Structure formats: C-alpha cells, structure tokens
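Here are my notes on the model you sent over, point by point. Have the structure open while you read.

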Amino acid sequence: MSGTAHSAPTGATAPRRLRIQLLDGFRVERDGGAPVAVHWRRSGGRTLVKLLAVTPGGRLHRDRVMDTLWPDAPREAALRSLRVTLHAARHALEPELPPRTASSYLHTEGDLLRLDPELVRVDADAVEEAALCALASEEPEALGSALTALGRELLPEDRYADWAEERRRRLAALRARIVPVLAGRCMAAGQQERAVEVLRAELDRVPTDEELQLRLARVLLDASRPRQAVRQYHVAREILMEELGVLPGAEFEALLREALDALVPRRSGASGRTVRTPQPLPPPVRRPYGTPLIGRARALALLLEHVQVCETPSDQAGTPLALVLGEAGVGKTRLMAETARQAAELGVLVLWGSCHEAEGQTPYGAFVDALDGYLAARPSEERAAVAAEHPGLAAVLTTLGQAPGNATSPEEEQGRFFRAVAALLTDLAAERPVLIVLDDLHAGDPASVGLLHHLVRTVDTRRWRFLAAVRDEELSPDDRRRITLDSLVAQGLAAEIDLLRLSRANCARLTGAPPERARRIYELSRGNPLFALELSAADPLETVPSGVNRLVGGRLTRLPADCRAVLGVLAVGGGGAVGVAELECVAAAGLHPPLGAAAVAAALDAAVEARMIYEREVTTGGRTAPGYAFRHPLVRLACAERLGAATRRRLHRAYADTLLDRRPDAVDALAFHLGRADDPRAPHWLRRAAERAAALFANDSACAYYADLVSRLDADQPLAAARARLDWGIVLRRSARYQEAESVLRTAYEEFGRAADEHGVIGTAVALAEVLGRAARPDEGLALLEAVRARLAAATAGVGHALRADLELAVGALNFGSGAYEGSLAALARAEAAAERLHEAEALPRLARALSARAAGLLVTGRLPEARAAADRALPYAERCGDVTLLSGALSTAGEIARHGQRMDVARDCARRAMAAARRTGDPAVIAFDQANLATLEFRFGEHRRALALAKSAVRRAGSLGPSWALPYALAGLAEVLLGSGRLDEAAAAIADCERASLSTGDAQVLDGARRLAAELAAARG
C-alpha cells in the first residue's frame, strides 16, 4: 500500500487540485475539468474517501478504517479488502493514473492513510475555517455567510452513519456559537428583523434550546415588540413542558414580567383613564333586549368576578372557565350577554361563539363562530397579518381566505390548529384581557369541547377567561363532552353556576302583567323566563297550554301566510343565522307557490316586528352579509315541526342545491341538508364530511357522519357500506374506542366475505386484528389472521403483494406483543419479501415497518448486530415515505439498539427525535411510551429532575387511556427512575403496578423487565 509522494513523473504535467464536497451530498471535482470517476467501481472506495475527508486533517490509522468499513471481518481479510479499496479509490480520483504509480491525492505513511493536504480541498474544512475567522472578526457579513454555509447538511446520504457523527457535532457547535454573535451584531446595527430571522431559523432546528428561546424573546423586547416577546415565552414554555417536562428558568420569567409591564397601556389626561382601541361587540351582546335582567343579580356578580382578569398573569386566581347550567329558556344566553356587555365596558375584549345543533357536527363550530366573527370585523390588512402569523388557523377559519393544502397527518393538523388558536388568543390578551363566550355548548361537537379543554388547561399565565352555557339535561352521563367538562370541574379548572327558574315575584316583574294574570303565567311557565314571556304575549291566555309548540302556533296564526312560509324556510336552515341571499334562493326554489325577493323581504320584516326573529350578520368567504336568526332555538324547532315531512324534505333539498351553487365547500351543511332531504346525493357528501372531520382529527364528528352514511348504504349498497365501516373502524381505533371499533369492523369483515371481496376481507382483518391486539387480545387477532391466510392461499387472482405484506405485518406485530418472537420474525421476513415486489410508493412504508419491527425482534432475542443492521435500513425508508408514525417507531427502535450497544449519546438523540415525531402523530399511547424511554436515558446522563418529570408524565398520559399496551412500559420507566434515585418504596409500588399491567396485556417483554427491576429492588434493600 505505497503511494507516499504526489510529485509528477519527469515530463508529466503537475497534478491538479482535487475538491471534495461533503455538504449537500458527496461530490469530487478536479481543477480544469480533469476527469474523475462519476460511477465508483466499488462503494467501499467512495466510503473510504468520505471517511478521510470527514476527519479533520484527513488522516486516519488503517486499523480505524478497517474497524469502520469491515467491523466483523478477520484482520487478514480486512487488510486485503483495504488494499483493493485503496486501489479503487485512487483510480477513481485519478482515472489516468498508470499502474504502480503513486497517487497524487491518497497516500499511505506507514499505518496512516491521508489525503494530500496541499492538493486536496474539503469544503467542510473551508467552512470551518471561514466560521472561525468570522467569529474572530465578528463581521456581520462574514458571520451570515458562515451561518448559511453551516446550514448545509453534511453527507445527507449518510445521515445515520456513526463515522460522520463527530464532524456533524463540530459543525453544529460552530453554528451554535455563530448564531448569538450574529444576532447581537445585527441588533447593534439596528437590524432587528435580521436578528429575529437568524434566531428563529436556529430554533426551527433546536426548539428545546432554552437559551436561544430566551435570547429571541429578549431581542423582540429590545425591538419594542413586547407582545411578540410574551408570545415567544408561551411558545418556549409549551415546548419545554411537552418535550422535556420542565418550566422556563427564573431569567425567562423575569423577562416575561418585563414584557408584560411594557404592554400596560399609556395613561392620558388628568383622569388617568386607560386609552383603549374601540372594539365592536359581538351581535348577541349588541342586540337590545326588551326587558331588564331580573332575578339574576347574584349570578351576574359571580360571573363579573370571574371575568375580572388580573393585569399581571402571575397574580391570576380562580378558575378559568365558568359553566352556566340550566334548562332551555331559563336565561343563560341573556345572563352571559349582560356579563359580556359589562366586561366590555371594563376594557375586556369579548369573543362570542354559538353552537347550533341543527347544523350537525361542524368541527370546532363554537370557536369558528367566535373567531370568524371577530376577524370579519377587523380590517383586511389585520386579517392578512393574522393569517401570516398563525397559518394553522386557515384550515378552519373561512375569514382568512383559502386554506393551504393538507399535507400532514390529521393529528398534526389538530395540533397546529390548537397551537394557532392559543397563539392568537395570547396575542389578543397581550393588550387587554379576553373573554371567550361559548353559547349552547351542549350542541357543540366534541372537537370544540376538546379545544376548550386544551385552552383551559394551558391558561395558567394567560389573561383569558371562558363562559359557556350548557343544558345539563342534554348530555348523557357517558357523553364524551360531559366527561370532558366534568373532568375540568374535578380538576378545579371550571366552576358551575346553576341558573334556576324565577321566583313568583320575579316572574311577575318580568312579565309586568296584572296580579291575576301574572299568577296564572307563573303557574303555567313554572318560572321559566322564555315560557313566561311567551305566555304574556299570548292573547287570550289559554288555561292549559301544551308548551312552546302551541305558543308558537298561536303567534304564527297572526302573521301573514308569506311570513309563516319564510319562517319555515328559516327554521329548516339550521340553528344559526341564514343569509338573506340564501333565504331568497330557497324561497324561490323550495316553496309552493314560490316567493320572490320582495315578498321574502316583507315577510322577514313582519317576523322581526313580531319579535320572532332578529337581524344578525353572517360571514361567508371572509365577508359579512345581512342575515336573520330566531330569537330562541325552541321557537325555531317549533316552527320546523309544524311543517309537513314532504315540505321539510323539499326545503332541505332546495338549501342543498343553493349551497352547491353558492358555497360548494360547505361540506358539513351540505351533508346535513341532503341527509335530511333523504337525497340520493347524501352518501357522497356524508362521506366527504366524515373524511374532512377525520382529517381535522374531529373523530367524534367523523364517527357520527360514518354512522349516518352506513345506515343509508346498508339496504341496497352493502359493499359500499362495508367500505365505509372499514374507514369508520379505523377512526374508532385511532380514538382508542376499541369495543366499538371491533363491532364495526366485524360487520364489515362479514359483508366483505359474503361479497367475496378479498381485498376488503384482508384489509378489514388486518384492521380488526390490530384492534384486538391493542385491546390485549392478541391471540384472537392471530386466529383471525390465520383464517384469512388460509383464504389468501386459496385465492388465485386479484390479491396483490401489498395485501400479503399487510397481513404478514399484522401477524408479526401480534406475535411480538404476545412474546412469540421467532414467529414474529418469520412473519416479518415474509412481509419484507412481499413488499420488495411492490412499486416504491407502496413498498417504502411497508419495508420501513417490517424492518423496524424486525430490528425490535432481533434485539429482544439477543442478536444485536443483526438488529442494528435492520434498524439502519428502516430509518431511511421511514424518512423517505414521510410517515411520522413509522419514523417515530424506527427512531425508538434504533435508540433502544444504541442503548444496548452502549452508544448512549446516539440512544438519547434517537429517543428525543422519536418523541418529537410521536407528538406529531398525536397518538397518546406512543407519546407515553417514548416519554418513558427518554426518561430512563436522561436519568443515565444525570438529568434526574427532567427524567422524573418525563416518567411521571408518561404514566399519567398512559393511565388516562385506561387499559392499554403503553401503560406497562410507562410504569417500567418510572420504576427504573425511582429505583435509581433511591426512592425504594415508590419504586416498589411502580413495579407492582407494572407487573399487574403486564399480566393484563400479556406483554412478556415488559413483564421480564419488571421482574428484573424487582430483583434489583430486593438487592438494594439488602
């Protein structure tokens, strides 16, 4: 292996300089266009050049090269391979090199291999030198150029190669040194935007760097942008809590107080009153009420006390949410409107959103109503700024224009929307307190209640308050919305205010009727304010009224026929306001005889004069338009029920046709109207509404749509119903509603079987088996898959390799969960073989899943080198297919393999990346598993406080799911941390809980781990 000189032979031209590019991908060039091999004959030669180039100084001992390239080969074989590889590399760099001639670029010096320092230039070396010079000079231009160069990825094709890791750390460390220096120089030069841009770009790479988060908040505050500094604090706090389980430090808290002090509005005038920007009140608050608020003084005082948010967030007290409970017509909306009006007079910003039962399960309907209503009243430039600062809102809020394409998972979209709403409210609350009023929350979709839960849970240092009206009797004990609200009350995050009926005296004051008539009204209304007012307007007062339907009927008979017809149109339109333009279209197409625009306008005027309805603006496509709504939902329902079934169907169909013409993107409204019309187009729109709800992670709304869709398809389209059930079952599985998912999928499985649809049978069997596995019944799942395997073997055509791969993947997963590791490995090998015969788009996710699972199986059976090789193959596949669920699993497995190989830095890095990916999936079980794994690694690095916080968070998260596969792993992680901390009694309790949970799920792997921990505990106790 000679070749120590680079001088050219006599008469030969001088060797040209060689440039090796490592950043943005490996490439080799020579000056003057001299040829270099484009296709290397041996991949080992290319790797050898990379290995030398990535090493600072370009020098390596040959033993280290052999250990890296041929770690398992005998020494003599490795030496032979090295000689061949050196020869190939030299001739690749110099194709014209004659035999037995020294290489100009790649030399050996005894046992050392090196690149010629004079002729070879490596771009990474040049970048490091430029970065160090820039740091020494602190010239902004040089620092910026160095930062840009350091942003290029080192050897992206070898992203997971251990031999490149040290150089990556060097480049990252240089970047970390340059960022604060460049930001400081930009601030000194008055270039605040450039400083913010530099810091934000670096935080996109390392969001958990608290020092960088603090520096960015300080830059924003120094740039006179305190509101954004406050927002940055909350962003950092959320990231640190979710990723690391810690809170910002004291310096960050002090900066928050400084930023909040800077936000206190300036005082003006001798009176010292605060100058505030005028803000229009929401329509329900602006609407004049014909009677004063009677009998509600105590309730009003309690609500006003609740909404008086302190100016300093750290001084906040009380509960963030007040639930106003009471029956229909008892005056909840009226009380909240008065509270909101008085709060607005005190300088509170009021946002008002209403839920409408008749409009179906519109995802996030209450918050969409509140935020769209607020934004519609703002100038267009302010809306544009909100859309730019909070892009996660555009997928749901129509006032912000066209929504971006949904290229991420539904879970990630939900997380983005949650964070965007919180960020917008934080921005608004930076200037003054915010009150969010949610009317008729019992009619809202579960996604709205879920978002409310998220906001209330994170309200601690923010100046928000919530009011919500709920008809308690409308929610059954097992309703998910009731469970969520009850949990908020149990945690002390919500207070309930029961609004009772009026006393006899207050009822008489409300109606203003003579004593005898007032007594009779009270007897018939029983103190319900709505009933009392309706009765006081009836003439004559009937002795035994049957309720609101009869009251509404008496008032309708005094209205013109056209007015009654238009009220019927408005009643069928839904619970909210309906625009005049849509009312005119439906009245012309759905009524008989049809009514023109002039007749509709006259009828609406008559209904307003009769106080049946009121004018209310509607927001469509970001613009406001005149509309009308009923004064009370009971009146609307009564008007709708008075119509015949045929008339209601005709009007619903007319609404659907109008929406298809004017607002074809109103998927939920179209599904509602076509469904009520029993129109043949209903299944198509119900499916679209279900898919949209699922994409927004509004799983309960999606399930409601799928249930309606299936009921319509069962009679004459059983195969289409089975496909809908398969999608429905997948949503139920994602929601951890395993019992319901099993029932739905079994029905689909049977229907596909009757139709001899092999694709449907296998796809449904795989989904059902996974449900059974997650429900701690892997044996049943395996039995089902074996039956399907027999059916698959009998099939001769129409069944492709994708279905075979999916089947074997499910078998492998269930065998692994039940401890049958060899059976799991065999199934995964079959899955891999089937996947390799597919096109790339179909093959990648299946190969990633098969290899990752295979790596886990090899690890638990003690075959570490094979496990590492499988994991190294799985990671690139998972990354290329862009599936964060697969990436999370592959990273988690790779980290566990690194831990067993004592590569603890790599293990912790993989665990952190796995948890970040798991958060994007939104799967709480996976998040809990990865939190527990990261906790044990952080503990080994001495981060005891962080490790304990992560472990406890994992147990809380897994425990909230009920019996699940993740709970034993979370308990095992907590037990390991407690045991290492010397908290033996707590560790003993955690180990006992882990053993019970492991026996319940049948997970042999974690049960063995629990018993090992028990043995360590016994040894520690002596």
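1. Starting with secondary structure: this is a predicted model, and its protein chain carries 45 helices alongside 16 strands.

2. On overall dimensions, the C-alpha atoms of the protein chain fit a box of roughly 125 × 85 × 70 Å along the principal axes. The chain runs to 1022 residues, and 50% of them count as buried.

3. Now the contacts. Taking those in the protein chain with a separation of 6 or more, 65% are between residues 24 or more positions apart.

4. As for the surface, the protein chain exposes an accessible area of about 45,000 Å². Carbon and sulfur atoms make up 51% of that area.

5. Charges next: I'd note 130 positive side chains against 132 negative ones in the protein chain. The centres of these two sets lie 1 Å apart.

6. How many disulfides does a search of the whole structure find? The count is zero. Take C585: its sulfur has its closest cysteine sulfur in C563, but the gap is 19 Å, so that pair is too far apart for a bond. A disulfide would need the two sulfur atoms within 2.5 Å. C585 itself is partly exposed, at a relative accessible area of 31%.

7. C881 is another cysteine in no disulfide, with the nearest cysteine sulfur, that of C910, 17 Å away. Is C881 buried or exposed? Neither label quite fits: C881 is partly exposed, and its relative accessible area is 26%.

Definitions and conventions:
Residues numbered from 1 in each chain as written. Predicted model: local features only at pLDDT ≥ 70, side-chain atom pairs only at ≥ 80, totals over all residues. Heavy atoms only, no water. Helix = DSSP H or I, 4+ residues; strand = E, 2+ residues; numbered from the N terminus. Buried < 20%, exposed > 50% of the residue type's maximum accessible area, 1.4 Å probe, protein only. Contact = heavy atoms within 4.5 Å. Areas by Shrake-Rupley, 256 points an atom, 1.4 Å probe, with all protein chains shown as cover. Lys, Arg positive; Asp, Glu negative; His and termini not counted. Charge placed at Lys NZ, Arg CZ, Asp CG, Glu CD.
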